[in-house]
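Dear colleague,

I am handing over the structure we spoke about, and below it you will find my notes on what turned up. Please read them with the coordinates open beside you.

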Amino acid sequence: MSVCVSGDLEGLKKLLAHDVTSWADGGGRVRGAALNPVRGADAVARLFLGIMKKAPAGVTTELSEVNGWPAVLLRLNGAVFDVMSFETDGEHIHAIRSVLNPEKLARM
């Protein structure tokens, strides 16, 4: 998390597998959610650093577990607006799945 906040591109890339893939499920309702998977450590790292730059003030994070994987819940004014789960081998992140679809987050 700290490499994203600090904008450390190289540090973030070291955490990612070279063939990492990031998926975003905005349900067609969330503006800015990637419509296609983003692949590769450089592209995924740049995507997340760009997202961090655009994050609204007041966003908080909470570590969690989703479907057996480590996850981060992102909240704005107490409401969850993004759940990111990370598939990892313990050394590198191989997949990031981000759920932004409000219908799927309603129960959070």
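To begin with the pairing of strands, strand 3 (residues 59–66) and strand 4 (residues 69–76) run antiparallel and are joined by eight bridges. Please keep in mind throughout that this is a predicted model, with a mean pLDDT of 90 for the protein and 97% of its residues at 70 or more. Among the elements, the lowest mean pLDDT, 71, belongs to helix 1 (residues 2–6), while the highest, 97, belongs to strand 2 (residues 38–39). Where pLDDT is low, the predicted coordinates should not be read in detail.

Three pairs can be followed across the bridges between strand 3 and strand 4: T60 has R75 as its bridge partner, S64 stands opposite A71, and E65 stands opposite P70. The two strands form a hairpin with two residues between them, and in that hairpin N67 takes a positive phi near 50°, a positive value in a residue other than glycine. N67 has its place in the loop between strand 3 and strand 4, and it counts as exposed because its relative accessibility is 74%, where the cut-off for exposed is over 50%.

A second hairpin follows, in which strand 4 and strand 5 have two residues between them and N77, in the turn, has a positive phi of about 55°. N77 is not a glycine either; it lies in the loop between strand 4 and strand 5, and at 76% relative accessibility it counts as exposed. The two strands of this hairpin pair in the antiparallel sense over six bridges, and R75, which is the bridge partner of T60, stands opposite V80 in strand 5.

Taken as a whole, the sheet is open and is formed by six strands in the order 2-1-6-5-4-3, with mixed pairing. Strand 2 and strand 3 are its edge strands, each pairing on one side only.

Which residues does S85, in strand 5, touch beyond its neighbours within four places in sequence? The contacts of S85 are with V66, W69, P70, A71, A95, I96 and R97. S85 counts as buried, because its relative accessibility is 10% and the cut-off for buried is under 20%.

Turning to the pockets, the largest holds about 1,100 Å³ of space. Of the 40 residues in its lining, those closest to the centre are F48, I51, L74, D82 and M84. The elements that give two or more residues to this lining are helix 1, helix 2 (9–15), strand 1 (16–25), helix 3 (41–54), strand 3, strand 4, strand 5 (79–88) and strand 6 (93–99). Helix 3 makes the largest contribution, with six residues. By class, the lining is made up of 31 nonpolar, six polar and three charged residues. Since helix 1 is among the contributors and has the lowest mean pLDDT of the elements, I would ask you to keep the earlier remark on confidence in mind for that part of the lining.

Helix 3 also holds M52, which is partly exposed, with a relative accessible area of 31%. The C-alpha atoms of M52 and S6 are separated by 9.4 Å, although the two residues are 46 residues apart along the chain.

The second largest pocket has about 230 Å³ of space, and its lining consists of V66, N67, W69, V83, S85, E87, R97, V99, K104, L105, R107 and M108. Both N67, from the loop between strand 3 and strand 4, and the buried S85 therefore appear in this list. At least two lining residues come from each of strand 5, strand 6 and helix 4 (102–105), and the largest share, three residues, is that of strand 5. By class, six of the lining residues are nonpolar, two are polar and four are charged.

With best wishes

Notes:
Residues are numbered from 1 along each chain as its sequence is written. This is a predicted model: local features need pLDDT of at least 70, side-chain atom pairs count only at pLDDT 80 or more; totals for chains, interfaces and linings use all residues. Side-chain values use heavy atoms; hydrogens and water are left out. pLDDT is the predictor's confidence in each residue, from 0 to 100. Helices (H or I, at least four residues) and strands (E, at least two) are DSSP runs, numbered from the N terminus. On a 1 Å grid over the protein atoms alone, a cavity is a set of points where a 1.4 Å probe fits but cannot get out, and a pocket is an open set with protein on both sides within 12 Å along at least five of seven lines; lining residues have an atom within 4 Å of a point. Grid points are joined across faces, edges and corners, and a volume is the space filled by probe spheres set on the points. Ala, Val, Leu, Ile, Met, Phe, Trp, Tyr, Cys and Pro count as nonpolar, Asp, Glu, Lys and Arg as charged, and the others, Gly among them, as polar. Buried means under 20% relative accessible area, exposed over 50%, partly exposed in between (1.4 Å probe, protein chains only). Contact means heavy atoms within 4.5 Å. Two strands pair if DSSP finds at least two bridges between them.
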